[in-house]
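Visitor: Before we discuss anything, could you put the sequence and the model on display?

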Amino acid sequence: MSTNPISPLHLYSVPRDPQATHEAPAARERPRTAWTADQLMAAEFPEPKWAVPGILAEGVSLLAGPPKVGKSWLSLGLGLSVAAGGKAFDSVPVKGGPVLYLALEDTPRRLQTRMGKLLGGQKAPAGLTLVTECPPFPQGGSDAIAGWLDRNPDARMVVIDVFAKMRGQAPQGVSAYDADYVSVGYAKRIADHYGIAVVLVHHVRKAGSEDFLTEVSGTNGIAGAADATLVLKRARGQADGILHVTGRDVNEAEYALSFQEASGAWHLLDGPASDHTVGDTRAAILRYVRANPGAKPKDIAEVLPQAGPDTVRRTCSRMAEDGQLTKDGSGRYYPGTETRTGGTHEVSQLSDCPVDPSDLQELPGQQKWELSHLSDSGERSNQ
């Protein structure tokens, strides 16, 4: 008697096109893993494939956030956008292709309701496959996902909501760090073998931190094994959330997002995130100083009569203390670290603090995995 929790008519047999003739998937060539130094320098590699340009590249991306912040709405919205070839966050054009969405904490009824809101009357994309049950990676989940990817060679993305449902039990006798690293490694080898984006929806710790990477629940092995980490946090001001992004193939950045209650969609807000997370007075001062570097408080007060000269002067001083503005010896203000005598530095889009290239170090490297069992190409192990 089979104990597999997946119905044979679900994930294992959803074809790329129900009308198409079923053909055996073509064998995938195993990627090369060793070169001499001169061979490596002479090799030409394709650019990373993007599910969402600038935000989600091929590889494993953690999407973490506190409970009820809207991670599932965000990930389902991305799945619909990528499957349909529309615009992610209502502004970023994406290339369309099949998407597998493992909604392991949802019911079909809830998924239908959420998609109905997100689609707003538009036709649902046939390229999005939704699954509500899947065994953990070590108990057949890896093979189930690999089988779907073999049947959908043009797939763009796999979303696993939530990661905790797929990781399985920790191996006996290993440290918590190693157990976390191995659990993400299952998704990592799938992403690398098929050249797609795999998104693991995860949680953050209750205690906040200045470094968003340390907020990811679990040990550093989780973020260390992933290619990118995205943390969705609630924000003050006009934005409903800030998406913090960092990774090996993505530039570190922070994006202000607005949640549309009526549609359930997350929209990307224009401009630096700081303009949407600080108070209205600070945001207005930031915009004016960026357009007019070297402005004095009296200049700013003329365009902000509702704030008043004293309020503008005190606010500018506090913003300089917080690193959002820089003040020179003559009382003029500049955005971030820019001054009358200093050059302009690359700055974070959220904090306006300088970005030191030495801070953008690559996370610990990945260990190599045996991949033949994923391809169904006759190399499957008999273990």
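**A helix, its rings and the core**

Guide: The charged end of Arg114 sits over the ring of Trp73, 5.2 Å from the ring centre, where sitting over a ring requires NZ of Lys or CZ of Arg within 6 Å of the centre and within 35 degrees of the ring normal. This is a predicted model, in which local features need pLDDT of at least 70 and side-chain atom pairs count only at pLDDT 80 or more, while totals for chains, interfaces and linings use all residues. Residues are numbered from 1 along each chain as its sequence is written, and side-chain values use heavy atoms, with hydrogens and water left out.

Visitor: Is Trp73 buried or exposed?

Guide: Buried means under 20% relative accessible area, exposed over 50%, and partly exposed in between, with a 1.4 Å probe and protein chains only. The relative accessible area of Trp73 is 17%, so Trp73 is buried.

Visitor: Which kind of aromatic pair do Trp73 and Phe259 form?

Guide: Rings of Phe, Tyr and Trp (its six-membered ring) pair if their centres lie within 6.5 Å, and planes under 30 degrees apart count as stacked, over 60 as edge-to-face and the rest as tilted. By this rule the count comes to five aromatic pairs. For Trp73 and Phe259 the centres are 6.3 Å apart and the planes stand at 65°, so the pair is edge-to-face.

Visitor: Which parts of the chain does that pair link?

Guide: Helices (H or I, at least four residues) and strands (E, at least two) are DSSP runs, numbered from the N terminus. The two residues are 186 residues apart, and the pair links distant parts of the chain, with Trp73 in helix α2 and Phe259 in strand β12 (residues 253-260).

Visitor: What span should helix α2 have?

Guide: The expected span of a helix is 1.5 Å times one less than its number of residues. Helix α2 (residues 71-84) has 14 residues, and its end C-alpha atoms are 20 Å apart, which agrees with the expected span of 20 Å.

Visitor: How many residues of the largest nonpolar core come from α2?

Guide: A nonpolar core is a set of buried Ala, Val, Leu, Ile, Met, Phe, Trp, Tyr and Cys residues joined through side-chain atoms within 4.5 Å. The largest has 43 residues, and Val52, Leu56, Phe89, Met157 and Leu243 have the most contacts inside it. Of this core, α2 supplies the largest share, seven residues.
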